[in-house]
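The report below follows the burial of one helix and then turns to several charged side chains.

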Amino acid sequence: MIGIVGGTGDFGQGLAERLRRIGEEVELGSRTPHDEFVSNRECAEDADVVFLSVPPGGLAEMCSKLAANLEGKIAVSVASPVVFEDGRAGAAPGEVSLAELAQQAAPGARMVAGFHTVSAKALARMDDPLDEDVILCCDDEEAKAVVSALAERLVQGRAVDAGRLEVARWLEPLTAVLLNVNRRYKANTGIRVSGLP
């Protein structure tokens, strides 16, 4: 089972539907359980792979609260340090990445950082293929392989291994770059890494 903690937002909703369309069982978590949404705690407890689709400012706190439920689970941090000024996207990264802070808050989780370059709007357009790569970084090779295999069923491109979790410090701000490209060209762009074997 795949869980999406914070599954009420656009990214979580789009990801959930895409996952269901490839045959995965998905459970959605929320701070306020209702209808199809269970509590974030129950979602993390039930799932084998947990996507952490929560606002960047609340990621570490959420992971701290769910640390026991995330123990031994593969957790995917998709958060980016995006800030908006006058309607324009920028980034305010800290000395360590959001994914590293999440790992510190839930040390027993097998933290993977990725999907930062996949837009919520693109996920929501169910009939359009995701013609892009997914960039991942993680210290746990087995966890990274599991998320890579899942990513390659969702996108037309490939999962690209960017190395250790600390690389998320530079991966996460790419969201702001793409938001500005999308604004300028009125598009929903992704990233393809060229020249790979």
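The buried residues of helix 5 are covered by elements that include helix 3 (59-65), helix 4 (67-70), strand 5 (74-77), strand 8 (110-114) and helix 8 (168-171). In helix 5 (residues 98-105), those buried residues are Leu-98, Ala-99, Glu-100, Ala-102 and Ala-105, where buried means under 20% relative accessible area, exposed over 50% and partly exposed in between, with a 1.4 Å probe and protein chains only. Helices (H or I, at least four residues) and strands (E, at least two) are DSSP runs numbered from the N terminus.

This is a predicted model, in which local features need pLDDT of at least 70 and side-chain atom pairs count only at pLDDT 80 or more, while totals for chains, interfaces and linings use all residues. Residues are numbered from 1 along each chain as its sequence is written, and side-chain values use heavy atoms, with hydrogens and water left out.

Three charged residues in helices can be set side by side.

| Residue | Helix | Relative accessibility |
|---|---|---|
| Lys-144 | helix 7 (residues 141-154) | 2%, buried |
| Arg-183 | helix 9 (residues 174-185) | 41%, partly exposed |
| Glu-45 | helix 2 (residues 40-46) | 45%, partly exposed |

Leaving aside neighbours within four places in sequence, Lys-144 is in contact (heavy atoms within 4.5 Å) with Val-112, Leu-136, Cys-137, Cys-138, Asp-161 and Gly-163. With the same exclusion of neighbours within four places, Glu-45 is in contact with Asn-69 and Lys-73; the C-alpha atoms of Glu-45 and Gly-3, 42 residues apart along the chain, are separated by 8.8 Å.
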